[in-house]
Amino acid sequence: MAYSAVLPLVREDWGLSARDAGAIQGAFFLGYLASLFIVGFMADHFGAKRAFLVTGVAGFLSPIAFVVFVDGFWSALWLHALTGLTQGGYYTPVLAMVNEHVARERRGRAMGLMLAASSAGYALALGAAAAVLSFAGWRVALAAIAALPAAAWLIALATMRATPNVVHPRPAGHTVLAAIPAVLRNRKGMLSVWSYTFHSWELLGLWAWLPAFLTAALIAKGSGAGEAATAGLSLSALTYVANIGGSLAGGTMADRWGRTQAILLWSCASLVLSFSIGWMIALPTALLVALACLYNFCAIADSSVHSTVIAESVPPHILGAAYAVRSVLGFGTGVVSPVVFGWALDLAGEPYGWGVAWTTLGIGAMLGPLMTWKLHRATR
């Protein structure tokens, strides 16, 4: 979120095109998907808790390096990729620990709580950036955000002292690398992976570009660039607070009414907003922000359910590998999606650019509900 928070200002300072800005965000997701792939196998082999704590050290050092050394497009591209490369330990092992230590009837809500906490972190990052930008530059704002992952690691170290590190035994002759073919042969698991992949195209593109979109809407209504950037961050932080409610609602609904039913409801609702919000940039600010909150609510609501479904679709000894395969495909779309969005924005130009750009997210996400419907039938 840190880069998205200061994107309007660094674009001006560095003379970045929308495509260049999207490429930097895409570099983060490229590093992140590689990290998730590696950490998935680490969690299977060494245990999820151990993988989380060890990789978390690099996870809080890399944002500090970004703040200290970034000075333009190329340094931002490589340093943001490095930051992504170190972040996987905060995600995959945590999902595995929730699956290991929470009973099935409460697991959807527990996954929702975990992602709600992530959304609270996103909102905190944007809110902190907005507060710092009101009296200092973008580098100071990034520095304030970069201090937070170190605090997160220390909190985790203290709170997980009594949490056992679980290593699930593998069948005789079953190597770590053999887990990938096992995942690919698991029909329900792969349907879940494909559904998540198309979901990620939409969600990661949304997160990459929403602050810039709200900032552009404020500038179009007459605000100055600096004022609009600060206000856009505050409003974007508000939309991420809506993510908290979405994560809890989606997880709770999955426990009560079924996993695939919840995914179908929320994925279709977010599709409607992907195809429409970009054409509504001229709406009154309050109404546009309300739509952005609803968009974030719907787009995140099925995320925790996807994580729960795949955990319940594959044997526990290959769960890390399943998350790894899902990460390559799902977060791989996160590399492409922001770049395609920026390309469409540059190509279409005014007055249709934002409408066309948001539509690319909807087009990429359309196959998600189809995969979920097939999963629903396979599960029944």
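1. Cysteines first: there are zero disulfides in this structure, which, keep in mind, is a predicted model. Cys268 is not in a disulfide, and the nearest cysteine sulfur to it, on Cys298, sits 11 Å away. A pair would have to come within 2.5 Å to count, so Cys268 doesn't make the cut. As for surface access, Cys268 has 38% relative accessibility, so it counts as partly exposed.

2. Cys293 tells a similar story on bonding. Cys293 is in no disulfide either, and the nearest cysteine sulfur is again that of Cys298, 11 Å away. Its relative accessibility is 16%, and because the limit for buried is under 20%, Cys293 falls in the buried class.

3. On to helix packing, starting with H2 (residues 18–46) and H4 (residues 73–85). Their axes are 6 Å apart and the angle between them is about 25°. Angles under 35 degrees count as roughly parallel, so that is how H2 and H4 run relative to each other. The crossing of H2 past H4 is right-handed.

4. Who touches whom in that pair? On the H2 side the contact includes Asp20, Ile24, Phe28 and Tyr32, and on the H4 side it includes Phe73, Leu77, His80 and Leu85. Small residues take part too, among them Ala23, Ala27 and Gly31 in H2 and Ala76, Ala81 and Gly84 in H4. Sorted by class, the residues of the H2 and H4 contact are eleven nonpolar, six polar and one charged.

5. Next, H3 (residues 48–69) with H5 (residues 92–101). These two pack at about 155°, and their axes lie 8 Å apart. Since angles over 145 degrees count as roughly antiparallel, H3 is roughly antiparallel to H5. This crossing is left-handed. From H3, Ala48, Lys49, Ala51 and Phe52 meet Pro93, Val94, Ala96, Met97 and Glu100 from H5. The class count for the H3 and H5 contact is seven nonpolar, no polar and two charged residues.

6. The cysteine stretch also has a helix pair worth a look. H12 (residues 259–274) and H13 (residues 285–301) pack at an angle of about 145°, with 8 Å between their axes. H12 passes H13 in a left-handed crossing. H12 brings Trp266, Ala269, Ser270, Leu273 and Ser274 to the contact, while H13 brings Leu291, Leu294, Tyr295, Phe297, Cys298, Ala299 and Ala301. By class, the H12 and H13 contact holds ten nonpolar, two polar and no charged residues. Cys298 in that list is the residue whose sulfur is nearest to that of Cys268.

7. Now two single residues. Is Ser200 buried or exposed? With a relative accessible area of 2%, Ser200 is buried. Ser200 lies in helix H10 (residues 187–220). Setting aside neighbours within four places in sequence, the contacts of Ser200 are Gly205, Gly330 and Thr333.

8. Last up is Ala322, in helix H15 (residues 319–348). Ala322 has a relative accessible area of 0% and is therefore buried. Which residues does Ala322 contact, leaving aside its neighbours within four places in sequence? They are Val183, Ile310 and Val314. For a sense of spacing, Ala322 and Phe213 are 109 residues apart along the chain, and their C-alpha atoms are separated by 34 Å.

Notes
Residues are numbered from 1 along each chain as its sequence is written. This is a predicted model: local features need pLDDT of at least 70, side-chain atom pairs count only at pLDDT 80 or more; totals for chains, interfaces and linings use all residues. Side-chain values use heavy atoms; hydrogens and water are left out. Buried means under 20% relative accessible area, exposed over 50%, partly exposed in between (1.4 Å probe, protein chains only). Axes are lines fitted to C-alpha atoms, for helices over the stretch in contact, and angles run from 0 to 180 degrees between N-to-C directions. Helices (H or I, at least four residues) and strands (E, at least two) are DSSP runs, numbered from the N terminus. Angles under 35 degrees count as roughly parallel, over 145 as roughly antiparallel, 65 to 115 as roughly perpendicular and the rest as oblique. A crossing is left-handed if the near helix is turned anticlockwise from the far one by less than a right angle, and right-handed if clockwise. Contact means heavy atoms within 4.5 Å. Ala, Val, Leu, Ile, Met, Phe, Trp, Tyr, Cys and Pro count as nonpolar, Asp, Glu, Lys and Arg as charged, and the others, Gly among them, as polar.
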